[in-house]
Amino acid sequence: MQFRMLGPLQMYDDRRRAATELTSPLQQRLLKALLAHPNTLVPASVLVRELWGGRPPHKAGNALQAHASRLRRAMERAEPGGPGAARLVARDAGYLLRVGPEELDSARFRLGVRRARALAGSDPEEAGLLLRQALSRWRGDALAGPRGPAGDALAVVLEQERLGALEAVFDLSLLTGQHRRIVPELREAVLAHPARPRFREQLGRALAGPRVTPPPAGGGRALRPVPPAPGDARSGGDGGAGSGELDRLRALVERIASDQHALRSAIAQLSELVGRTAA
């Protein structure tokens, strides 16, 4: 079974290909708190605060036990014949959720980012594809819905990792000549995250990317600049057609050199991002 956190919380049975969502807000809070500390004993006192904050009910320990029992039964229904009953363990005045790394979509996302890091230097295009595959696991806001402090903290961490991976995707796309393709995505990112200046900088680079045409089929000469439209400021002015073409070629060479420098910077940033994620 998979515990899906990259969106609304789901328990997904791989064999039946069926997703189960908890309808109880308190059970959602409980499972999210346990997923924030997988395979770790979480004291009952901490879980009480996760479910009810500073206003716990009378006999909160008994109420917590009842919700834990209901959550255990929900996991059994979500994974018929699986280890549902053994996943949630009551021990030493607390609870422990047994879950393997392969059962967390967040872990699979992080694995994809690590694989992209390994390829970023030698094959930036493939690294970009791996990052997009990792990002495709997201179904919405992390742990959307009711959650307590531990769930909130985990959601913030996961969201920052998603945005960092998205920035890395855009950097690699820019460096592999996919300027036009990512303009709509970058505009959406700028609108969704106005306080994140990196997206605005990347959008500016994408809009100002080199205008080049692909080589003819079967080979041919290298990429060449696209002739400017009538009235284009780069048309050469009074210097004549030859002077204008020289200026355009010079500008293209400068952009290529800039992109090579940016590639090294993006690889370093991607490595730093994945290093933080692994830590």
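Q: Before we look at Met11, what does contact mean here?
A: Contact means heavy atoms within 4.5 Å. Also, keep in mind that this is a predicted model.

Q: Okay. Which residues does methionine 11 touch, leaving out those up to four places away in sequence?
A: Met1, Gln2, Phe3, Ala18, Ala19, Thr20, Leu22, Leu31, Ala74, Met75 and Ala78.

Q: Which residues touch the most other members of the largest nonpolar core?
A: Phe3, Met11, Leu31 and Leu34 do. That core has 61 residues.

Q: And which helix gives the most to this core?
A: Helix α7, with 12 residues.

Q: New topic. How do α6 and α7 cross?
A: α6 covers residues 124-135 and α7 covers residues 149-175. Their axes come within 9 Å and cross at roughly 150°. Angles over 145 degrees count as roughly antiparallel, so α6 and α7 are roughly antiparallel to each other. The crossing is left-handed.

Q: Which residues meet there?
A: On the α6 side, they include Leu131 and Leu135. On the α7 side, they include Leu166 and Val169. By class, this contact has nine nonpolar, two polar and two charged residues.

Q: What about α7 and α9?
A: α9 is residues 197-207. The axes of α7 and α9 come within 11 Å and cross at roughly 15°.

Q: Why are they called roughly parallel?
A: Because angles under 35 degrees count as roughly parallel. α7 passes α9 in a left-handed crossing.

Q: How do the residues of that contact divide by class?
A: Seven are nonpolar, one is polar and four are charged. Among them are Phe170 and Asp171 in α7, and Arg198 and Phe199 in α9.

Notes
Residues are numbered from 1 along each chain as its sequence is written. This is a predicted model: local features need pLDDT of at least 70, side-chain atom pairs count only at pLDDT 80 or more; totals for chains, interfaces and linings use all residues. Side-chain values use heavy atoms; hydrogens and water are left out. Axes are lines fitted to C-alpha atoms, for helices over the stretch in contact, and angles run from 0 to 180 degrees between N-to-C directions. Helices (H or I, at least four residues) and strands (E, at least two) are DSSP runs, numbered from the N terminus. Angles under 35 degrees count as roughly parallel, over 145 as roughly antiparallel, 65 to 115 as roughly perpendicular and the rest as oblique. A crossing is left-handed if the near helix is turned anticlockwise from the far one by less than a right angle, and right-handed if clockwise. Ala, Val, Leu, Ile, Met, Phe, Trp, Tyr, Cys and Pro count as nonpolar, Asp, Glu, Lys and Arg as charged, and the others, Gly among them, as polar. A nonpolar core is a set of buried Ala, Val, Leu, Ile, Met, Phe, Trp, Tyr and Cys residues joined through side-chain atoms within 4.5 Å. Buried means under 20% relative accessible area, exposed over 50%, partly exposed in between (1.4 Å probe, protein chains only).
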